Amino acid sequence: MKLKENLTIHSMGDEFVVISSNPDDFKGMIKLNSSGAFIFNLLSENKTQEEILAKLEEKYDIDKKTAEKDLSELLNFFEKSGLMYNG
């Protein structure tokens with residue numbers, strides 16, 4: 001799974017907003033908290049799932065099981081929201 005192209009993230013205080021410059025790919029915006037934005041940015045850098053898990057464990061001082069659960073939930077949300085594609 002990869003993020004669709006033309007997506008950008010913008011900071012709005014303590015929240016972040018993801019928008020697309022191509023409305024055919026994704027319409028609207030998605031609000032994220034800081035950890036969601038952290039994961040979004042890692043996905044934008046084409047980090048693997050294992051790399052993202054390691055970064056989550058390090059940054060948030062959580063165990064691998066918690067990191068896997070949180071990442072899985074966010075990736076499912078991104079997919080259902082139309083932000084990702086198989087590729």
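Which residue just after α1 takes a positive phi? Select N46 to find out: its phi is about 60°. Keep in mind throughout this tour that you are looking at a predicted model.

**Stop 1: helix α1**

From N46, step back into α1 and select residues 34-44. Try colouring the buried positions of this helix, which are G36, A37, F38, I39, F40, L42 and L43. Two of the names met so far, L43 and N46, come back at the next stop, among the residues that line the largest pocket.

**Stop 2: the largest pocket**

Now select M1, K2, L3, L43, N46, K47, T48, Q49, I52, L71, L75 and M84, and you have the lining of the largest pocket. Its volume is about 200 Å³. If you colour by element, β1 (2-3), α2 (49-60) and α3 (64-81) are the ones that give two or more residues to this lining. Colouring by residue class instead gives seven nonpolar, three polar and two charged residues.

**Stop 3: the second largest pocket**

Clear the selection and pick L32, N33, S35, G36, I39, L56, Y60, I62, D70 and L74, which line the second largest pocket. The space here comes to about 170 Å³. At least two lining residues come from each of α1, α2 and α3, and α1 has the largest share, with three residues. G36 and I39, which line this pocket, are also among the buried residues of α1. By class, this lining holds six nonpolar, three polar and one charged residues.

**Stop 4: the salt bridges**

How many salt bridges does the structure hold? There are two, so show side chains as sticks and visit each in turn.

Begin with K64 and E50, whose side chains meet with an N to O distance of 3.3 Å. K64 belongs to helix α3 and E50 to helix α2, so this pair ties together parts that are 14 residues apart in sequence. Both partners count as partly exposed: K64 has a relative accessible area of 37%, and E50 is at 48%.

Then move along to K69 and E73, where the closest N and O atoms of the salt bridge are 3.0 Å apart. These two residues are four apart in helix α3, so about one helical turn separates them. E73 is partly exposed, at 45% relative accessible area.

**Stop 5: T8 in strand β2**

Next, select T8, in strand β2 (residues 7-12). With a relative accessible area of 37%, T8 is partly exposed. Display its side chain together with that of H10, and you can pick out a polar contact of 3.1 Å between them. Beyond its neighbours within four places in sequence, T8 is in contact with V17, V18 and I19. For a longer view, draw a C-alpha to C-alpha distance from T8 to L32: the two are 12 Å apart in space and 24 residues apart in sequence. L32 is one of the residues you saw lining the second largest pocket.

**Stop 6: S20 in strand β3**

Finish at S20, in strand β3 (residues 15-20). Is S20 buried or exposed? Its relative accessibility is 15%, so S20 counts as buried, the cut-off being under 20%. Zoom in on its side chain and look for the backbone nitrogen of N22, which lies 3.0 Å from a polar side-chain atom of S20. Leaving aside neighbours within four places in sequence, the contacts of S20 are N6, L7, D25 and F26.

Terms used. Residues are numbered from 1 along each chain as its sequence is written. This is a predicted model: local features need pLDDT of at least 70, side-chain atom pairs count only at pLDDT 80 or more; totals for chains, interfaces and linings use all residues. Side-chain values use heavy atoms; hydrogens and water are left out. Buried means under 20% relative accessible area, exposed over 50%, partly exposed in between (1.4 Å probe, protein chains only). A polar contact is a pair of N or O atoms within 3.5 Å; within protein, one must be able to donate a hydrogen and the other to accept it, and residues adjacent in sequence count only if both atoms are side-chain atoms. Contact means heavy atoms within 4.5 Å. On a 1 Å grid over the protein atoms alone, a cavity is a set of points where a 1.4 Å probe fits but cannot get out, and a pocket is an open set with protein on both sides within 12 Å along at least five of seven lines; lining residues have an atom within 4 Å of a point. Grid points are joined across faces, edges and corners, and a volume is the space filled by probe spheres set on the points. Ala, Val, Leu, Ile, Met, Phe, Trp, Tyr, Cys and Pro count as nonpolar, Asp, Glu, Lys and Arg as charged, and the others, Gly among them, as polar. A salt bridge is a side-chain nitrogen of Lys or Arg within 4 Å of a carboxyl oxygen of Asp or Glu.
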